[in-house]
Amino acid sequence: MLYLKQFDNTFRQQLYKTIAEIEQKADIETVVIIKNESCKYKDIPLKAASLTTFAIVSILVFVPWPVNPYVIYFTTVAAFILTYLAVDVLDFIKRRLIKPERMQRMAEIYARALFQKSNMHLTQRHTGLLIFVSLFEHKVMLIGDKAIYNKVPEHVLEIIRNDLQQIFTEEETALSLLEKLKEVSGILGKYLPAVQNKENEIPDNLDVNL
Amino acid sequence: MQLRKKHKQLLLTFLLLLLATVFFARPGGGHSYSGGTGHTGGYSGNYSSPDGTIIYLLFRALPPEISIPLVLIILFFVFLKNQKAKDDDFMVVSSSTSAHIRNKSQEIAKLTARLKAIDPNFSYILLLDFVWLLYTRFYTYINDPKKLLEIQAFFKSDFLSSIIKMPVSYKINQIVIGNIAISALKIDEENVKVTFSIKANMTIEAEKKAERYLITEKWTFERKRNVHSPEPSKMKALRCPSCGAPAYFTDSGYCNYCDTYIAPGEMHWALAARAVEKMQIISTNQLFAYSAEAGTTLPTVKDPFLHKRMAIFAKTHNTNWSDYWKKFESQIVIPYFEKIYDAWSNLKWEDARAYTSDRLWEANKFWIDLYKANNARNILQIKVVRIDAAKIDIDRYYESITVRIFASGLDYIVDKNGKLIAGSKKHSREYSEYWTFIRRTGVEEDKIPVNCPACGAPLDNINSHGICDYCGNKITDGNFSWIVTLIVQDEEYSG
């Protein structure tokens with residue numbers, strides 16, 4: 001994906017600074033994780049290729065004029081390979097063939113797994129917040145610990161989610177994400193005001209590997 | 001041999017097309033694109049090549065206006081798929097970047113300089129010793145409230161009360177601290193706060209079962225700003241900050257020897273906060289795991305005051321820095337490096353005792369013992385390629401020089417029969433590490449000791465406490481010569 005280049009070292013530095021600003025304004029331990037995809041969806045190109053192949057074979061076998069068997073054979077094989085590759089490689093086609101609910105579910109499953117695996121639920125005041133951005137699915141998930149859900153109303157979290165979701169409508173997705181995160185800090189600070197002398201409980205070098 | 005994913009894809013494409021060749025090729029005969037009247041068609045041809053190549057069939061079966069673009073399009077998509085596969089591991093986590101770590105370390109260096117101006121007795125080396133000691137004692141006494149109370153003067157407010165009220169049922173021993181470094185420093189009007197990032201491993205015994213854990217935590221110490229650091233004897237041991245007697249405090253915080261109330265943080269550093277960041281069980285597999293070097297290409301993290309301190313160091317020792325540096329590289333860094341790695345490779349860690357601090361020796365002894373228990377040996381046939389100066393620290397009690405050593409060579413693990421378990425006997429590995437050398441201020445010795453620097457006896461009788469059993473002098477606290485006190489991996493070093 002070409003736009004992965006937006007998430008370069010400069011972006012990472014700015015992201016870290018933005019998180020530090022959020023944590024100064026609000027009593028939350030925030031981690032942002034950006035992943036290219038939450039699931040491979042290998043079945044989608046396979047299904048598409050199978051359907052295309054079936055269609056091609058049907059056409060070629062039942063056309064009223066004679067067709068060289070080699071043409072049938074090679075066209076079938078080529079159709080399968082081409083369709084599989086095209087659907088697998090071209091994200092905009094693949095995304096349209098996957099149900100939105102499925103993408104939402106996969107992004108949520110992945111986000112929850114990351115939250116658990118990175119031990120974000122082990123902070124003392126339970127103020128861990130994971131903002132997971134799944135680029136292929138165009139989904140932003142917010143997974144918070146107890147204190148987040150206890151103190152921040154659900155409709156506010158929904159507003160934050162919807163706001164962050166808008167980054168996929170912008171060409172500069174990375175930049176848009178940074179701007180939205182700064183806005184989020186202001187909102188969350190009202191419900192979880194910053195605590196003096198707070199200790200960072202989530203390590204600076206968070207190492208998450210599913 | 002496992003094929004890479006892209007090779008599998010290419011092979012699959014090739015096999016699919018080859019299948020056509022095998023299916024249709026006939027020795028001595030062939031076929032031509034002659035059409036036919038029905039679906040099956042009939043074929044005859046004068047093709048005499050016995051191979052029936054894929055490309056030939058493809059070009060014969062389909063007109064070239066279709067077959068050529070078709071092949072090109074397929075190859076193009078295969079290429080795109082391989083390119084996309086490189087993004088499989090793409091992940092951005094909002095953690096420190098190396099640039100941020102460098103900036104942070106520079107900030108800490110400046111604050112440390114400010115702290116030294118306020119507290120002339122401040123010594124980073126001695127503070128590390130103190131933290132090391134307190135950390136080890138805390139975990140050793142964690143299930144013994146009485147023992148914890150004896151050292152309560154070093155813990156602020158209610159830190160210990162919850163543990164004392166509800167003692168834990170597990171026991172902790174074999175505590176080894178692998179790395180310890182300042183991660184934050186705050187100086188305000190009233191207090192000074194220092195946060196240490198500590199990586200340690202320890203055995204936790206619970207329910208008649210013992211497991212080894214790797215723990216990463218942050219410990220924050222606090223002290224009144226106007227207090228000067230105690231002298232070395234009170235930093236290297238847990239002693240009453242008032243009378244200097246061994247730490248033994250009553251329930252209400254009075255020293256049992258001098259009857260002075262010691263409010264935590266008023267006269268000495270006290271632990272104010274603790275956060276466990278990571279806790280995982282260590283398995284033997286981790287001993288034999290080799291991962292790609294992550295930090296070798298990172299720029300050297302240099303202290304912002306390095307050049308200034310080079311000048312101060314040179315002036316103190318009546319020399320010029322470039323001459324001293326050449327001597328330091330050739331007579332200290334390289335010989336120490338070779339001696340320590342020889343001891344490691346030969347599993348004779350006692351041979352490194354005279355050159356390492358107590359902390360470093362104990363931390364690495366754990367791994368040596370683990371190798372021995374698993375009948376394995378990590379052999380390092382490496383040479384120093386380059387040495388960069390990274391930091392110089394001079395205080396009232398110690399001077400320290402931190403260098404970045406770039407090395408290259410063979411690094412592999414073998415079993416007792418010499419069979420390769422991990423690593424490579426053929427391919428060199430390049431890596432770098434940050435080594436910190438320390439010695440007491442005023443010591444001028446600049447050579448690796450070949451005999452006990454106190455009595456001149458051979459170095460074959462240095463016990464595990466770093467004491468020469470011939471003369472009874474402790475030679476591993478920098479009183480006589482340089483010793484190595486810290487070895488940090490390049491990707492972890494932050495200044």
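## A sheet shared by chains A and B

In this predicted model, I33(A) has V93(B), a residue of β1(B), as its bridge partner. The pair belongs to the contact between strand β1 of chain A, residues 29-35, and β1(B), which are joined in the antiparallel sense by 3 bridges. These two strands are part of an open sheet of 4 strands, arranged in the order β3(A)-β2(A)-β1(A)-β1(B), in which the pairing is mixed.

At the edges of this sheet lie β3 of chain A (139-144) and β1 of chain B (91-93), each of which pairs on one side only. From one strand to the next, the twist averages 15 degrees. Helix α1 of chain A, residues 9-25, packs on the sheet and touches β1 of chain A as well as β1 of chain B, while its direction makes about 155 degrees with that of β1(A).

## A sheet within chain B

Chain B also holds an open sheet of 4 strands, which follow the order β2-β3-β4-β5 with antiparallel pairing. Its edge strands, each pairing on one side only, are β2 (171-187) and β5 (270-281) of chain B. Neighbouring strands here are turned against each other by 20 degrees on average, direction ignored.

Strand β4 of chain B, residues 209-224, runs antiparallel to β5(B) and is joined to it by 10 bridges; within this pairing, E217(B) stands opposite V276(B) of β5(B).

## Helices on the chain B sheet

Helix α5 of chain B (residues 124-140) packs on this sheet, where it touches β2, β3 (191-206), β4 and β5 of chain B, and its direction makes about 140 degrees with that of β2(B). Helix α11 of chain B (residues 358-373) also packs on the sheet, touching β2, β3 and β4 of chain B, with its direction at about 135 degrees to that of β2(B).

Methods: Residues are numbered from 1 along each chain as its sequence is written. Chains are lettered from A and ligands numbered from 1 in the order in which they are written. This is a predicted model: local features need pLDDT of at least 70, side-chain atom pairs count only at pLDDT 80 or more; totals for chains, interfaces and linings use all residues. Side-chain values use heavy atoms; hydrogens and water are left out. Two strands pair if DSSP finds at least two bridges between them. Axes are lines fitted to C-alpha atoms, for helices over the stretch in contact, and angles run from 0 to 180 degrees between N-to-C directions. Contact means heavy atoms within 4.5 Å.
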